[in-house]
Amino acid sequence: MMPIRLPTISSMATIWMSFALTLMVSDPLQAQLFERATVLEGVYLPLADGAVSEPVTIVIRRGRVTEIGADVDIPLLSRKIDVKGLFATAGLMDPSSNLTLGSASSGNPVHSAWDGFDRYDSDSIRAAIASGVTRIQLQPSGPGGIVGRVSSISLSPREDGGYGVLEKEDVALCIDLDQGGSLERIRTFDKVRAAFLSAQNRLEAQDEYSTDLEEYIEALAKAAEKKAKEGDEKDEKKDEKKDEKKDEKKDEKKDEKKDEKKDEKKDDAEKKKDDKKDDDGPKKPSRPDRDPGGDILLQVLEHKLPVRIVARRSEDILNAIELAQEFEFGFQLQGADEAHLVLDALDGVEGLSVLLDVPQRSLTRGSAPRRSSDLIGMLEQAGIPWAVGSGGESTSFWRAVRTISGQAGIEAALDVAIAAAPPQPRRRRGSASNWLRRGASDLILWEGNPATDAAARPNRVIIDGTVVWQRPAGTREGSF
Amino acid sequence: MRSIRNLLLLLLMTCVSASSGAAALHPGGDSVISGVGVVAPDGSICQGMAVVVSAEGRIVAVIPADQTDPAMVQMTAPEGSVITPGLHDLLGSLGATGELTAGTVLIDSELRAAAAFDPTDPRLEDAARHGILHTTIAARPTGLLNGTTATFLCKSGGRGEQLAEGMPYYALAETALDSSREPTSRAAMVAMWKDWLANSDKSEQIPGILYCPDAIDLRQSLEVGWSELPVMVHSGDARSPVDRLAGREAMLIVGPFPEGGDSAPVRTAVWAAQVGVELAFSGGLPAAPADHLRTSAAIAVAAGLDADAARRALFSNPARACGATEIGVIEPGARADLVLFSADPLDPAATVIQVWRGGERMRVAAPGVVSDLEVPE
């Protein structure tokens, strides 16, 4: 029988010391071991079928929901937040926001909306968070045409101050065909088309350049081989010449003048030879000029970057379709107020989705595009996926969703608001599932059931396990 | 509890009107809209009610839906729908022709906004389709007293149906200053106000509507010595002066609150409501979006305004502000200017299903095909 070796006191001490050192040094490990879970007790979950769950407990660990249920084990030393009676859903995602952009204007594909995002505009950002929006797709704006790239941003607070963490800078290239009067809009379309034609030429030029470059490299390799062979032959000849030179050294003084002349002739001949070589050798193709804006349009032509086109009137929508078909890309159509008038043309467009916002209808006739009250029904019938965005500072996002859901007779407005970024062919009436799942990092706790109560409003917003906004006891914010 | 209280209130009103004999049901003449939620005068919604409307276009009674005579039911409303008084575009310019100004007269009690009303304006009809059935217009507030307001039914054609004589329309604001006449400075304007309130005949001092849009206007308005506070039009962010309105039965006309607009006036309005001030939402038609009144209400509710207070601000308070006693409420004796919404009107998802003006049903959706056209019986 083998004797059991007990650890000595010194080895035990070493183990403990190294464990303690590991904890001191490794922050993530420390966080995993000692981070307290956040527990929300007694909250209700609005369900897709219109019912409300029994009170449940939600456990959040490392910023994510890990447990949801009535009989959940509450971890030791967890931090409990008293939210009894509130309704929990995931955070809302506004796919069309201009939050904090203000008058920032762009007319170049190189600019991304993230460039213009003012992370220190805490009033506007907190107002958006207070309305339940935790993620946005920030859309650049400009005088019309190609206005920049849409960026995806989480509105969580930053460690270095302000709000907003970039999730993806290149969500889509944004083209605005809706600015200005009718003639202006035609000019804008022509400019956009010209930009894409130029990008297409550039694409061809780049293809040519790559082919030429490959040929050049091959030719260069052959030339190098040839040169190497010629070099070997020359070396042999040189050796022979060296022997001859040794014999001739004796007569050097005599023929100094003659040699000088010979050398001059030799140099001339070599020079001529080198020149001849340069003419005969492979010529390096010239690289197309650098064009960062053109490179971004190339990404569109190569289907690496999606496109979002803002068009509301029927003629602009038709222009958008023409553009997409000419340059063979799918696109997301934003606005689309008069889409019902050109539905046949939209029907055959591949990769099309629609992003709706709430049109500001005035009583002044002809002042705004016409939107059919049954537009969503028509889009669904045509199998065109759709989503809703605020088109503004995101504070109106929830109202926009409810307004459009009401127009379309959709009961599950939450499904429209919480869904991930479009395009997603998943919009079907009554297809909503429950609105909070494990793994979610953004949570809204509502006063009232947002699925049924028009006056429901967020009470707390939690992002990555932190309460980033809480409704003040009174609404008297600021001072006068 | 509140719903039960409101139900009892409505039943009591019905009993009183029935016992007086003035509002007895007349089979064959009355019609009933049944199975709806009804917005009560206090702004709450009583579910499962029926509204009885007389042939003369007046509300006869509001009774529980299960007590109605099926033979009289003109319309059974869809589930979840809510019937409300007409929305009211207060102090916008819907139906007004040109620009009505007080000119150089500082205290103009003769100016009548009613003279500027154009009943042929087709936008009145468009507004009605969106549930806006009443419009109150007023002169531009360029003097201290700018005549009287006028309230009309939103209906194109005919001579125009005026629903209220109107209230005096005062101003204590920059708009009343003029370099060509007194007052030319704010100090002079405040002094003139104090003098008028102290020395003029008390019978002239009818507490009408006072235009005081900015914070300084509201603050100074409270200092000039009103014996009875007028209804104040305030679109600014005077949070501190608002505290002084607490317990004084004050009413503020606020808004309009556009989407993406400044949040400070919204917070001020909510704060005012929380200290006990009644609110009424200001109109902005025809320039504003057609559903701007409900948008203002939804924005205020999102900012913390109580839902009942928001409904009062949409329906009953605008009528009170302009002195129209027969509109803005659904109770026996009131005009049957009604709007049937698919849901709570505070919900942006709610749409207008049906509209009645003086008990007369109007088409809401534009006819799409010939067969849709209504043929008069």
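**Exercise 1. How much area do domain 1 of chain B and domain 2 of chain B bury between them, and what share of it is on carbon and sulfur atoms?**

Before starting, note that this is a predicted model, where local features need pLDDT of at least 70, side-chain atom pairs count only at pLDDT 80 or more, and totals for chains, interfaces and linings use all residues. Residues are numbered from 1 along each chain as written, chains are lettered from A in the order written, and side-chain values use heavy atoms, without hydrogens or water.

*Solution.*
- Step 1: find the parts. Domain 1 covers 2–85 + 330–362 of chain B and domain 2 covers 87–321, with bounds from an automatic or database domain assignment.
- Step 2: read the area. The two domains bury about 1900 Å², 59% of it on carbon and sulfur atoms; buried area is the accessible area (1.4 Å probe) that two parts lose on being put together, summed over both.
- Step 3: find the main suppliers. On the domain 1 side, B:R335, B:L346 and B:R357 supply 33% of the area buried against domain 2, more than any other three residues.

**Exercise 2. Count the salt bridges between the two domains of chain B, then inspect the pair B:D344 and B:R311.**

*Solution.*
- Step 1: apply the rule, a side-chain nitrogen of Lys or Arg within 4 Å of a carboxyl oxygen of Asp or Glu.
- Step 2: count. There are 4 salt bridges between domain 1 and domain 2 of chain B.
- Step 3: inspect the pair. B:D344 and B:R311 form a salt bridge through their side chains, at 2.7 Å from N to O.
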